Amino acid sequence: MHRRQFVRALALLTLVATAATAGAPGATAESPTPATTRLHDTIDTILADARLNGAQASVVVVDTGTGQTLYDRNGDRRLIPASNTKLMTSTAALGLLGPGHRFTTDVHTSGKRRAGLLSGNLYLRGGGDPTMLAADYDALAAQVAADGVRVVTGNLVADDTRYDSTRLGPDWTWDDEPYYYAAQVSALTVAPDTDYDAGTVIVRATPAGRAGAPPAVDTTPPTGYVRVENRAVTVAEGETSISIEREHGGNTVVVTGQIAVGSAPASDWVTVWEPTGYAADVFRAALHRHGVRVIGRTVLGQPTPETAHPVARHDSMSLGELMTPFLKLSNNGHAEVLTKEIGRVLSGSGTWTAGMTAISEYVADTGMDTGRLRQRDGSGLSRRNLVPAAEFVDLLSAVRSAPWFETWYAALPIAGQPERFVGGTLRSRMAGTPAAGNVHAKTGSLTGVSGLSGYVTSADGRLLAFAILLNNYLTASVKPLEDQIAVALAGFRADGTNTARTAPPAVPETPRTPEGVECSWVKPITC
(Lines give C-alpha, C1' and ligand atoms only; values in the text may rest on other atoms or scores of the structure.)
Protein backbone atom coordinates (compact mmCIF):
# COMPACT_ATOMS: atom_id res chain seq x y z
CA MET A 1 0.00 0.00 0.00
CA HIS A 2 1.31 3.46 -0.85
CA ARG A 3 2.42 5.50 2.17
CA ARG A 4 -0.22 8.19 1.77
CA GLN A 5 -2.97 5.59 1.28
CA PHE A 6 -1.87 3.83 4.48
CA VAL A 7 -1.92 7.05 6.51
CA ARG A 8 -5.37 7.95 5.21
CA ALA A 9 -6.74 4.48 5.84
CA LEU A 10 -5.44 4.50 9.41
CA ALA A 11 -6.91 7.92 10.04
CA LEU A 12 -10.28 6.92 8.63
CA LEU A 13 -10.50 4.01 11.09
CA THR A 14 -10.32 6.45 13.98
CA LEU A 15 -12.84 8.96 12.63
CA VAL A 16 -16.37 9.07 13.88
CA ALA A 17 -19.12 8.01 11.51
CA THR A 18 -19.92 11.62 10.65
CA ALA A 19 -16.40 12.39 9.40
CA ALA A 20 -16.13 13.78 5.87
CA THR A 21 -15.72 11.21 3.08
CA ALA A 22 -12.16 11.02 1.75
CA GLY A 23 -11.85 12.67 -1.68
CA ALA A 24 -15.04 14.75 -1.36
CA PRO A 25 -14.71 18.52 -1.71
CA GLY A 26 -12.96 19.92 1.33
CA ALA A 27 -12.54 16.52 2.97
CA THR A 28 -9.40 15.63 4.93
CA ALA A 29 -8.31 12.58 6.89
CA GLU A 30 -8.24 14.64 10.11
CA SER A 31 -11.19 15.89 12.13
CA PRO A 32 -11.83 19.49 11.07
CA THR A 33 -11.19 22.34 13.48
CA PRO A 34 -12.94 25.72 13.26
CA ALA A 35 -9.82 27.09 11.59
CA THR A 36 -9.61 24.36 8.95
CA THR A 37 -13.36 24.51 8.38
CA ARG A 38 -13.05 28.22 7.65
CA LEU A 39 -10.13 27.52 5.30
CA HIS A 40 -12.16 24.78 3.56
CA ASP A 41 -15.04 27.17 3.08
CA THR A 42 -12.76 29.84 1.63
CA ILE A 43 -11.10 27.51 -0.89
CA ASP A 44 -14.45 25.90 -1.77
CA THR A 45 -15.85 29.36 -2.50
CA ILE A 46 -12.86 30.18 -4.73
CA LEU A 47 -13.26 26.92 -6.65
CA ALA A 48 -16.98 27.62 -7.12
CA ASP A 49 -16.09 30.59 -9.35
CA ALA A 50 -17.96 30.61 -12.67
CA ARG A 51 -14.65 30.52 -14.53
CA LEU A 52 -14.36 26.88 -13.47
CA ASN A 53 -17.84 25.84 -14.61
CA GLY A 54 -17.39 22.54 -16.42
CA ALA A 55 -13.69 22.47 -15.56
CA GLN A 56 -11.72 20.10 -13.34
CA ALA A 57 -9.75 20.97 -10.22
CA SER A 58 -7.30 18.98 -8.10
CA VAL A 59 -6.18 20.88 -4.98
CA VAL A 60 -4.29 19.61 -1.92
CA VAL A 61 -2.72 21.49 1.02
CA VAL A 62 -0.54 19.81 3.66
CA ASP A 63 1.23 21.11 6.76
CA THR A 64 4.78 19.85 6.12
CA GLY A 65 5.64 19.99 9.82
CA THR A 66 2.87 17.71 11.06
CA GLY A 67 1.88 15.93 7.85
CA GLN A 68 -1.73 17.04 8.42
CA THR A 69 -3.85 17.46 5.30
CA LEU A 70 -5.55 20.85 5.58
CA TYR A 71 -7.47 20.63 2.32
CA ASP A 72 -8.10 17.97 -0.31
CA ARG A 73 -10.38 18.29 -3.31
CA ASN A 74 -9.98 15.55 -5.89
CA GLY A 75 -6.42 15.10 -4.71
CA ASP A 76 -6.06 11.76 -6.49
CA ARG A 77 -7.53 12.95 -9.80
CA ARG A 78 -4.98 12.87 -12.62
CA LEU A 79 -4.82 16.18 -14.49
CA ILE A 80 -2.46 17.76 -17.01
CA PRO A 81 0.18 19.57 -14.92
CA ALA A 82 1.86 21.69 -17.65
CA SER A 83 5.12 23.12 -16.26
CA ASN A 84 4.44 21.82 -12.75
CA THR A 85 6.06 18.73 -14.31
CA LYS A 86 9.37 20.55 -13.84
CA LEU A 87 9.08 19.89 -10.09
CA MET A 88 9.80 16.22 -10.77
CA THR A 89 12.51 16.87 -13.35
CA SER A 90 14.38 19.46 -11.31
CA THR A 91 14.38 17.52 -8.04
CA ALA A 92 15.44 14.34 -9.83
CA ALA A 93 18.27 16.22 -11.55
CA LEU A 94 19.57 17.58 -8.26
CA GLY A 95 19.12 14.24 -6.53
CA LEU A 96 20.69 12.10 -9.26
CA LEU A 97 23.30 14.41 -10.82
CA GLY A 98 24.04 16.62 -7.82
CA PRO A 99 24.10 20.43 -7.60
CA GLY A 100 27.77 20.49 -8.61
CA HIS A 101 27.20 18.76 -11.95
CA ARG A 102 28.48 20.66 -15.00
CA PHE A 103 28.26 20.27 -18.76
CA THR A 104 31.49 20.27 -20.78
CA THR A 105 31.93 21.46 -24.36
CA ASP A 106 35.36 20.74 -25.81
CA VAL A 107 37.41 20.78 -29.01
CA HIS A 108 39.71 17.98 -30.21
CA THR A 109 42.00 17.45 -33.17
CA SER A 110 42.84 14.32 -35.12
CA GLY A 111 45.61 13.70 -37.63
CA LYS A 112 49.12 15.12 -37.77
CA ARG A 113 50.22 18.55 -36.64
CA ARG A 114 53.10 20.41 -38.32
CA ALA A 115 53.63 23.97 -37.20
CA GLY A 116 50.18 25.61 -37.63
CA LEU A 117 48.92 23.02 -40.12
CA LEU A 118 46.53 20.31 -38.95
CA SER A 119 46.24 17.48 -41.47
CA GLY A 120 43.05 16.08 -40.05
CA ASN A 121 39.70 17.05 -38.56
CA LEU A 122 38.68 19.51 -35.87
CA TYR A 123 36.01 18.12 -33.54
CA LEU A 124 33.58 20.30 -31.61
CA ARG A 125 32.09 17.97 -29.01
CA GLY A 126 28.90 18.93 -27.21
CA GLY A 127 28.19 17.93 -23.65
CA GLY A 128 24.58 19.10 -23.55
CA ASP A 129 25.29 22.57 -22.14
CA PRO A 130 22.11 24.65 -22.62
CA THR A 131 23.92 27.84 -21.55
CA MET A 132 26.49 28.01 -24.37
CA LEU A 133 26.59 31.54 -25.78
CA ALA A 134 28.28 32.82 -28.92
CA ALA A 135 30.88 34.34 -26.58
CA ASP A 136 31.66 30.88 -25.21
CA TYR A 137 32.24 29.52 -28.71
CA ASP A 138 34.45 32.52 -29.37
CA ALA A 139 36.48 31.66 -26.27
CA LEU A 140 36.86 28.06 -27.49
CA ALA A 141 38.07 29.35 -30.87
CA ALA A 142 40.60 31.58 -29.10
CA GLN A 143 41.94 28.52 -27.25
CA VAL A 144 42.30 26.65 -30.55
CA ALA A 145 44.25 29.57 -32.02
CA ALA A 146 46.39 29.83 -28.88
CA ASP A 147 47.24 26.12 -29.29
CA GLY A 148 48.87 27.06 -32.58
CA VAL A 149 46.32 25.75 -35.08
CA ARG A 150 46.10 27.98 -38.14
CA VAL A 151 44.89 25.74 -40.98
CA VAL A 152 42.72 22.62 -40.76
CA THR A 153 42.85 20.55 -43.94
CA GLY A 154 40.02 18.28 -42.85
CA ASN A 155 36.48 18.92 -41.71
CA LEU A 156 34.87 20.69 -38.79
CA VAL A 157 32.96 17.86 -37.13
CA ALA A 158 30.08 18.78 -34.82
CA ASP A 159 29.80 15.90 -32.35
CA ASP A 160 26.37 15.85 -30.71
CA THR A 161 26.41 12.13 -29.97
CA ARG A 162 26.18 12.47 -26.19
CA TYR A 163 22.41 12.41 -26.73
CA ASP A 164 20.29 10.71 -29.37
CA SER A 165 19.11 12.47 -32.52
CA THR A 166 15.45 12.79 -31.46
CA ARG A 167 15.04 16.54 -31.44
CA LEU A 168 11.47 17.13 -30.26
CA GLY A 169 9.70 15.74 -27.23
CA PRO A 170 7.10 13.01 -27.43
CA ASP A 171 3.59 14.30 -28.11
CA TRP A 172 4.65 17.87 -28.89
CA THR A 173 2.49 19.43 -31.61
CA TRP A 174 4.07 20.42 -34.91
CA ASP A 175 2.71 23.97 -34.84
CA ASP A 176 4.53 24.74 -31.56
CA GLU A 177 7.88 23.84 -33.11
CA PRO A 178 8.89 27.36 -34.34
CA TYR A 179 8.29 28.95 -30.92
CA TYR A 180 11.08 29.42 -28.38
CA TYR A 181 9.44 27.23 -25.74
CA ALA A 182 9.57 24.18 -28.06
CA ALA A 183 13.16 24.36 -29.30
CA GLN A 184 14.86 21.25 -30.63
CA VAL A 185 17.10 19.45 -28.14
CA SER A 186 20.71 18.67 -29.00
CA ALA A 187 23.87 17.99 -27.04
CA LEU A 188 25.46 20.81 -29.08
CA THR A 189 23.52 24.05 -29.24
CA VAL A 190 23.58 27.85 -28.80
CA ALA A 191 21.64 30.22 -26.55
CA PRO A 192 21.27 33.82 -27.81
CA ASP A 193 21.28 35.53 -24.39
CA THR A 194 21.38 34.86 -20.67
CA ASP A 195 17.80 33.60 -20.54
CA TYR A 196 19.57 30.57 -22.04
CA ASP A 197 16.85 29.55 -24.48
CA ALA A 198 19.15 27.12 -26.28
CA GLY A 199 18.39 26.38 -29.91
CA THR A 200 16.90 29.80 -30.59
CA VAL A 201 18.00 32.97 -32.34
CA ILE A 202 16.72 36.49 -31.66
CA VAL A 203 15.50 38.16 -34.86
CA ARG A 204 15.24 41.96 -34.73
CA ALA A 205 13.54 44.34 -37.19
CA THR A 206 14.63 48.00 -37.03
CA PRO A 207 12.64 50.61 -38.99
CA ALA A 208 14.30 52.22 -42.00
CA GLY A 209 14.83 55.98 -42.09
CA ARG A 210 12.08 56.54 -44.66
CA ALA A 211 8.60 55.20 -45.30
CA GLY A 212 8.30 52.55 -47.97
CA ALA A 213 11.67 50.95 -47.30
CA PRO A 214 11.99 47.53 -45.65
CA PRO A 215 13.18 47.50 -42.05
CA ALA A 216 16.71 46.32 -41.35
CA VAL A 217 16.73 42.76 -39.97
CA ASP A 218 19.56 41.25 -37.94
CA THR A 219 20.03 38.32 -35.59
CA THR A 220 21.53 37.65 -32.18
CA PRO A 221 23.95 35.99 -32.41
CA PRO A 222 24.94 36.98 -35.95
CA THR A 223 24.61 33.85 -38.08
CA GLY A 224 24.05 32.82 -41.64
CA TYR A 225 22.45 29.60 -40.48
CA VAL A 226 18.99 31.15 -40.76
CA ARG A 227 17.82 32.81 -43.97
CA VAL A 228 15.64 35.90 -43.53
CA GLU A 229 12.88 36.62 -46.01
CA ASN A 230 12.01 40.25 -45.30
CA ARG A 231 8.51 41.15 -46.49
CA ALA A 232 7.95 43.89 -43.91
CA VAL A 233 7.71 47.60 -44.66
CA THR A 234 8.53 50.83 -42.85
CA VAL A 235 5.58 53.24 -42.68
CA ALA A 236 5.36 56.93 -41.82
CA GLU A 237 3.20 56.33 -38.75
CA GLY A 238 1.03 53.68 -37.15
CA GLU A 239 1.27 50.80 -34.75
CA THR A 240 3.97 48.15 -35.14
CA SER A 241 2.58 44.86 -36.43
CA ILE A 242 5.78 42.94 -37.17
CA SER A 243 5.45 39.16 -37.31
CA ILE A 244 8.57 36.96 -37.20
CA GLU A 245 7.92 33.31 -38.04
CA ARG A 246 10.16 30.42 -39.04
CA GLU A 247 8.73 28.16 -41.70
CA HIS A 248 8.25 24.61 -40.49
CA GLY A 249 10.93 22.15 -41.58
CA GLY A 250 13.73 24.58 -42.35
CA ASN A 251 15.59 27.74 -41.35
CA THR A 252 13.78 30.35 -43.43
CA VAL A 253 12.49 33.12 -41.17
CA VAL A 254 9.74 35.25 -42.71
CA VAL A 255 9.32 38.82 -41.45
CA THR A 256 6.02 40.52 -42.32
CA GLY A 257 3.96 43.51 -41.19
CA GLN A 258 4.79 47.15 -40.65
CA ILE A 259 6.88 49.34 -38.37
CA ALA A 260 6.84 53.12 -38.22
CA VAL A 261 9.83 55.40 -38.78
CA GLY A 262 11.42 56.18 -35.41
CA SER A 263 9.74 53.28 -33.60
CA ALA A 264 11.64 50.95 -31.29
CA PRO A 265 12.89 47.76 -32.98
CA ALA A 266 10.62 44.71 -32.87
CA SER A 267 12.18 41.38 -31.98
CA ASP A 268 11.26 37.78 -31.26
CA TRP A 269 12.93 34.50 -30.27
CA VAL A 270 12.75 31.90 -33.02
CA THR A 271 13.85 28.27 -32.84
CA VAL A 272 16.31 26.90 -35.38
CA TRP A 273 15.98 23.69 -37.34
CA GLU A 274 18.86 21.41 -36.29
CA PRO A 275 20.70 23.23 -33.47
CA THR A 276 23.88 21.18 -33.97
CA GLY A 277 24.44 22.90 -37.31
CA TYR A 278 23.68 26.25 -35.68
CA ALA A 279 26.40 25.69 -33.07
CA ALA A 280 28.87 24.59 -35.75
CA ASP A 281 28.12 27.73 -37.81
CA VAL A 282 28.70 30.02 -34.83
CA PHE A 283 31.93 28.20 -33.92
CA ARG A 284 33.24 28.21 -37.47
CA ALA A 285 32.70 31.98 -37.69
CA ALA A 286 34.57 32.37 -34.39
CA LEU A 287 37.48 30.32 -35.70
CA HIS A 288 37.67 32.60 -38.74
CA ARG A 289 37.79 35.69 -36.52
CA HIS A 290 40.71 34.18 -34.62
CA GLY A 291 42.67 33.34 -37.76
CA VAL A 292 41.89 29.62 -37.92
CA ARG A 293 40.93 28.44 -41.41
CA VAL A 294 39.03 25.17 -41.89
CA ILE A 295 39.36 24.01 -45.50
CA GLY A 296 36.93 21.08 -45.25
CA ARG A 297 33.19 21.12 -44.83
CA THR A 298 31.06 21.02 -41.70
CA VAL A 299 29.94 17.50 -40.78
CA LEU A 300 27.21 16.88 -38.21
CA GLY A 301 26.68 14.01 -35.82
CA GLN A 302 29.92 12.05 -35.96
CA PRO A 303 31.65 10.99 -32.73
CA THR A 304 35.01 12.28 -31.64
CA PRO A 305 37.69 9.54 -31.88
CA GLU A 306 39.06 8.35 -28.56
CA THR A 307 42.56 9.05 -29.86
CA ALA A 308 41.80 12.70 -30.66
CA HIS A 309 43.87 15.36 -28.88
CA PRO A 310 42.06 17.94 -26.68
CA VAL A 311 42.85 21.59 -27.45
CA ALA A 312 40.02 23.60 -25.86
CA ARG A 313 37.38 23.22 -23.16
CA HIS A 314 34.47 25.11 -21.63
CA ASP A 315 32.64 24.06 -18.45
CA SER A 316 29.14 25.32 -17.72
CA MET A 317 27.82 26.86 -14.56
CA SER A 318 26.91 24.28 -11.90
CA LEU A 319 23.54 22.57 -11.93
CA GLY A 320 22.70 24.34 -8.68
CA GLU A 321 23.24 27.69 -10.42
CA LEU A 322 21.33 26.56 -13.50
CA MET A 323 18.25 25.99 -11.34
CA THR A 324 17.67 29.75 -11.20
CA PRO A 325 17.12 30.45 -14.93
CA PHE A 326 15.55 27.01 -15.33
CA LEU A 327 12.83 27.38 -12.70
CA LYS A 328 12.43 31.16 -12.48
CA LEU A 329 11.74 31.42 -16.23
CA SER A 330 10.24 27.92 -16.65
CA ASN A 331 12.76 27.02 -19.33
CA ASN A 332 11.50 23.99 -21.26
CA GLY A 333 14.81 23.35 -22.98
CA HIS A 334 16.62 23.03 -19.65
CA ALA A 335 14.10 20.43 -18.50
CA GLU A 336 14.54 18.32 -21.61
CA VAL A 337 18.35 18.53 -21.60
CA LEU A 338 18.39 17.50 -17.95
CA THR A 339 16.13 14.56 -18.75
CA LYS A 340 18.54 13.30 -21.41
CA GLU A 341 21.56 14.08 -19.24
CA ILE A 342 20.11 12.00 -16.41
CA GLY A 343 19.66 9.12 -18.83
CA ARG A 344 23.20 9.49 -20.15
CA VAL A 345 24.85 9.67 -16.72
CA LEU A 346 22.85 6.89 -15.08
CA SER A 347 22.50 4.40 -17.91
CA GLY A 348 24.80 5.60 -20.70
CA SER A 349 21.82 6.44 -22.91
CA GLY A 350 21.04 10.10 -23.61
CA THR A 351 17.39 9.54 -24.50
CA TRP A 352 14.02 10.64 -23.21
CA THR A 353 13.16 7.02 -22.41
CA ALA A 354 16.23 6.47 -20.24
CA GLY A 355 15.81 9.84 -18.53
CA MET A 356 12.12 9.29 -17.83
CA THR A 357 12.86 5.89 -16.32
CA ALA A 358 15.44 7.35 -13.95
CA ILE A 359 13.22 10.29 -12.98
CA SER A 360 10.33 7.90 -12.27
CA GLU A 361 12.52 5.78 -10.01
CA TYR A 362 13.78 8.85 -8.17
CA VAL A 363 10.37 10.39 -7.46
CA ALA A 364 9.06 6.97 -6.42
CA ASP A 365 11.80 6.86 -3.80
CA THR A 366 10.59 10.22 -2.46
CA GLY A 367 7.10 8.80 -1.92
CA MET A 368 5.26 9.65 -5.13
CA ASP A 369 3.06 6.80 -6.32
CA THR A 370 4.28 6.51 -9.92
CA GLY A 371 1.49 4.02 -10.64
CA ARG A 372 -0.93 6.93 -10.31
CA LEU A 373 0.79 9.33 -12.68
CA ARG A 374 2.31 9.55 -16.15
CA GLN A 375 5.29 11.68 -17.17
CA ARG A 376 6.05 11.91 -20.88
CA ASP A 377 8.64 14.69 -21.02
CA GLY A 378 10.77 16.81 -18.73
CA SER A 379 9.09 20.17 -19.19
CA GLY A 380 5.35 19.57 -19.18
CA LEU A 381 4.74 20.60 -22.78
CA SER A 382 3.19 17.20 -23.53
CA ARG A 383 -0.55 16.99 -22.93
CA ARG A 384 -0.17 13.30 -22.10
CA ASN A 385 1.46 14.12 -18.77
CA LEU A 386 -1.02 13.31 -15.99
CA VAL A 387 -0.31 13.91 -12.30
CA PRO A 388 -2.65 14.24 -9.29
CA ALA A 389 -2.14 17.21 -6.96
CA ALA A 390 -1.64 14.86 -4.00
CA GLU A 391 1.42 13.33 -5.66
CA PHE A 392 3.02 16.75 -6.12
CA VAL A 393 2.41 17.51 -2.44
CA ASP A 394 4.07 14.22 -1.48
CA LEU A 395 7.13 15.25 -3.50
CA LEU A 396 7.18 18.78 -2.07
CA SER A 397 6.99 17.42 1.48
CA ALA A 398 9.69 14.80 0.95
CA VAL A 399 12.40 16.92 -0.68
CA ARG A 400 12.56 19.31 2.28
CA SER A 401 15.11 16.93 3.83
CA ALA A 402 17.39 16.90 0.76
CA PRO A 403 20.81 18.55 1.22
CA TRP A 404 20.18 20.76 -1.84
CA PHE A 405 16.70 21.86 -0.77
CA GLU A 406 17.58 25.47 0.07
CA THR A 407 19.16 25.96 -3.37
CA TRP A 408 16.09 24.51 -5.08
CA TYR A 409 13.62 26.39 -2.86
CA ALA A 410 15.35 29.71 -3.63
CA ALA A 411 15.25 28.92 -7.37
CA LEU A 412 11.46 28.59 -7.42
CA PRO A 413 9.56 31.72 -8.54
CA ILE A 414 8.65 33.99 -5.61
CA ALA A 415 5.33 35.81 -5.60
CA GLY A 416 5.27 39.58 -6.04
CA GLN A 417 9.03 40.08 -6.36
CA PRO A 418 9.60 42.31 -9.42
CA GLU A 419 13.21 41.32 -10.11
CA ARG A 420 13.07 38.89 -13.02
CA PHE A 421 15.49 36.33 -11.57
CA VAL A 422 13.82 36.47 -8.16
CA GLY A 423 10.11 36.63 -8.85
CA GLY A 424 10.40 34.81 -12.14
CA THR A 425 7.01 33.76 -13.49
CA LEU A 426 5.33 34.96 -10.27
CA ARG A 427 6.83 38.44 -10.23
CA SER A 428 3.62 40.18 -11.30
CA ARG A 429 1.33 38.05 -9.13
CA MET A 430 0.09 38.48 -5.53
CA ALA A 431 1.97 41.77 -5.02
CA GLY A 432 0.89 43.64 -1.90
CA THR A 433 -0.66 40.55 -0.28
CA PRO A 434 0.54 38.27 2.55
CA ALA A 435 1.71 35.88 -0.18
CA ALA A 436 4.20 38.38 -1.67
CA GLY A 437 7.78 37.38 -0.90
CA ASN A 438 6.33 34.30 0.76
CA VAL A 439 5.01 31.90 -1.86
CA HIS A 440 7.73 29.88 -3.60
CA ALA A 441 5.98 27.89 -6.33
CA LYS A 442 6.14 26.52 -9.84
CA THR A 443 3.67 27.88 -12.34
CA GLY A 444 2.23 25.98 -15.28
CA SER A 445 0.33 27.06 -18.40
CA LEU A 446 -1.08 25.42 -21.51
CA THR A 447 -4.24 26.40 -23.31
CA GLY A 448 -7.03 25.37 -20.92
CA VAL A 449 -4.49 24.20 -18.31
CA SER A 450 -3.10 26.09 -15.33
CA GLY A 451 -1.19 25.03 -12.24
CA LEU A 452 0.57 26.42 -9.19
CA SER A 453 2.42 24.08 -6.80
CA GLY A 454 4.91 24.91 -4.08
CA TYR A 455 5.17 26.33 -0.59
CA VAL A 456 3.68 29.10 1.50
CA THR A 457 4.41 30.03 5.10
CA SER A 458 1.17 30.52 7.03
CA ALA A 459 0.51 33.45 9.34
CA ASP A 460 1.50 31.30 12.33
CA GLY A 461 4.79 30.16 10.78
CA ARG A 462 3.84 26.77 9.35
CA LEU A 463 5.39 25.75 6.04
CA LEU A 464 2.52 24.50 3.90
CA ALA A 465 2.97 22.50 0.71
CA PHE A 466 0.20 22.94 -1.84
CA ALA A 467 -0.68 21.90 -5.37
CA ILE A 468 -3.39 23.48 -7.51
CA LEU A 469 -4.17 21.93 -10.92
CA LEU A 470 -6.96 23.37 -13.08
CA ASN A 471 -7.95 21.83 -16.43
CA ASN A 472 -10.54 22.22 -19.18
CA TYR A 473 -11.61 25.79 -18.47
CA LEU A 474 -12.63 28.09 -21.30
CA THR A 475 -11.90 31.52 -19.86
CA ALA A 476 -8.71 33.43 -20.67
CA SER A 477 -7.14 32.93 -17.23
CA VAL A 478 -7.87 31.24 -13.94
CA LYS A 479 -4.60 32.32 -12.35
CA PRO A 480 -6.36 34.83 -10.06
CA LEU A 481 -8.11 31.86 -8.46
CA GLU A 482 -4.78 30.18 -7.78
CA ASP A 483 -3.55 33.45 -6.28
CA GLN A 484 -6.60 33.72 -4.03
CA ILE A 485 -5.95 30.23 -2.65
CA ALA A 486 -2.27 31.05 -2.03
CA VAL A 487 -3.16 34.30 -0.27
CA ALA A 488 -5.73 32.48 1.89
CA LEU A 489 -3.04 29.97 2.91
CA ALA A 490 -0.63 32.78 3.75
CA GLY A 491 -3.23 34.16 6.16
CA PHE A 492 -4.08 30.85 7.78
CA ARG A 493 -3.69 30.36 11.56
CA ALA A 494 -4.35 26.97 13.08
CA ASP A 495 -5.46 28.52 16.40
CA GLY A 496 -8.60 29.89 14.79
CA THR A 497 -7.53 33.51 14.54
CA ASN A 498 -6.63 33.10 10.89
CA THR A 499 -7.41 35.92 8.53
CA ALA A 500 -8.77 33.52 5.92
CA ARG A 501 -12.51 34.10 5.54
CA THR A 502 -15.15 32.37 3.50
CA ALA A 503 -15.05 35.30 1.08
CA PRO A 504 -12.07 34.93 -1.29
CA PRO A 505 -9.24 37.38 -0.54
CA ALA A 506 -8.58 40.19 -3.00
CA VAL A 507 -5.63 39.76 -5.35
CA PRO A 508 -4.21 42.13 -7.97
CA GLU A 509 -5.05 41.56 -11.59
CA THR A 510 -2.47 39.50 -13.47
CA PRO A 511 -1.39 40.39 -17.01
CA ARG A 512 -3.27 38.42 -19.64
CA THR A 513 -1.30 36.60 -22.28
CA PRO A 514 -2.57 36.08 -25.81
CA GLU A 515 -4.09 32.91 -27.15
CA GLY A 516 -2.86 31.38 -30.38
CA VAL A 517 0.14 29.34 -29.24
CA GLU A 518 0.04 26.28 -26.99
CA CYS A 519 1.65 27.77 -23.92
CA SER A 520 -0.02 31.18 -24.26
CA TRP A 521 3.31 32.69 -23.28
CA VAL A 522 4.71 36.12 -24.00
CA LYS A 523 8.50 35.84 -23.99
CA PRO A 524 9.35 38.77 -21.67
CA ILE A 525 6.83 37.54 -19.09
CA THR A 526 6.25 33.79 -19.36
CA CYS A 527 3.74 32.17 -17.09
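The exercises below, each with a worked solution, concern a predicted model.

**Exercise 1. Find the residues with the most contacts inside the largest nonpolar core, and the elements that supply at least two residues of this core.**

Step 1. The largest nonpolar core comprises 50 residues, and those with the most contacts inside it are Met-88, Leu-319, Met-323, Leu-338, Val-399, Trp-408 and Tyr-455.

Step 2. At least two residues of this core come from each of strand 1 (56–63), helix 3 (86–97), helix 6 (319–328), helix 7 (332–347), helix 8 (352–366), helix 9 (389–398), helix 10 (405–411) and strand 22 (463–471).

Step 3. A second core, separate from this one, has 40 residues, among them Leu-124, Val-253, Val-255 and Phe-283.

Step 4. For Leu-338, once neighbours within four places in sequence are set aside, the contacts are Ala-93, Leu-97, Phe-103, Leu-319, Met-323 and Phe-326.

**Exercise 2. Describe how helix 3 and helix 7 pack, and determine which residues meet.**

Step 1. The axes of helix 3 and helix 7 lie 10 Å apart, and the two helices pack at an angle of about 40°.

Step 2. Because angles under 35 degrees count as roughly parallel and those from 65 to 115 as roughly perpendicular, helix 3 is oblique to helix 7.

Step 3. The handedness of the crossing of helix 3 and helix 7 is left-handed.

Step 4. On the side of helix 3, Lys-86, Thr-89, Ala-92, Ala-93, Leu-96 and Leu-97 take part, and they meet Asn-332, Ala-335, Leu-338, Thr-339, Glu-341, Ile-342, Val-345 and Leu-346 of helix 7.

Step 5. Sorted by character, the residues of this contact between helix 3 and helix 7 comprise 9 nonpolar, 3 polar and 2 charged.

**Exercise 3. Decide whether Lys-340 is buried or exposed, and list what Lys-340 touches.**

Step 1. Lys-340 belongs to helix 7, and its relative accessible area is 0%.

Step 2. Since buried means under 20% relative accessible area, Lys-340 is buried.

Step 3. Not counting residues up to four places away in sequence, Lys-340 touches Tyr-163, Asp-164, Thr-166, Val-185, Ser-349, Gly-350, Thr-351 and Trp-352.

Step 4. Thr-351, which lies in the loop between helix 7 and helix 8, is in contact with Asp-164, Thr-339 and Lys-340 when neighbours within four places in sequence are left aside.

**Exercise 4. Classify the exposure of Arg-420, and state how far its C-alpha atom is from that of Leu-329.**

Step 1. Arg-420 lies in helix 11 (residues 420–423), and its relative accessible area is 24%.

Step 2. Because partly exposed covers the range between under 20% and over 50%, Arg-420 is partly exposed.

Step 3. Although Arg-420 and Leu-329 are 91 residues apart in sequence, their C-alpha atoms are 8.2 Å apart in space.

Note on methods:
Residues are numbered from 1 along each chain as its sequence is written. This is a predicted model: local features need pLDDT of at least 70, side-chain atom pairs count only at pLDDT 80 or more; totals for chains, interfaces and linings use all residues. Side-chain values use heavy atoms; hydrogens and water are left out. A nonpolar core is a set of buried Ala, Val, Leu, Ile, Met, Phe, Trp, Tyr and Cys residues joined through side-chain atoms within 4.5 Å. Buried means under 20% relative accessible area, exposed over 50%, partly exposed in between (1.4 Å probe, protein chains only). Helices (H or I, at least four residues) and strands (E, at least two) are DSSP runs, numbered from the N terminus. Contact means heavy atoms within 4.5 Å. Axes are lines fitted to C-alpha atoms, for helices over the stretch in contact, and angles run from 0 to 180 degrees between N-to-C directions. Angles under 35 degrees count as roughly parallel, over 145 as roughly antiparallel, 65 to 115 as roughly perpendicular and the rest as oblique. A crossing is left-handed if the near helix is turned anticlockwise from the far one by less than a right angle, and right-handed if clockwise. Ala, Val, Leu, Ile, Met, Phe, Trp, Tyr, Cys and Pro count as nonpolar, Asp, Glu, Lys and Arg as charged, and the others, Gly among them, as polar.
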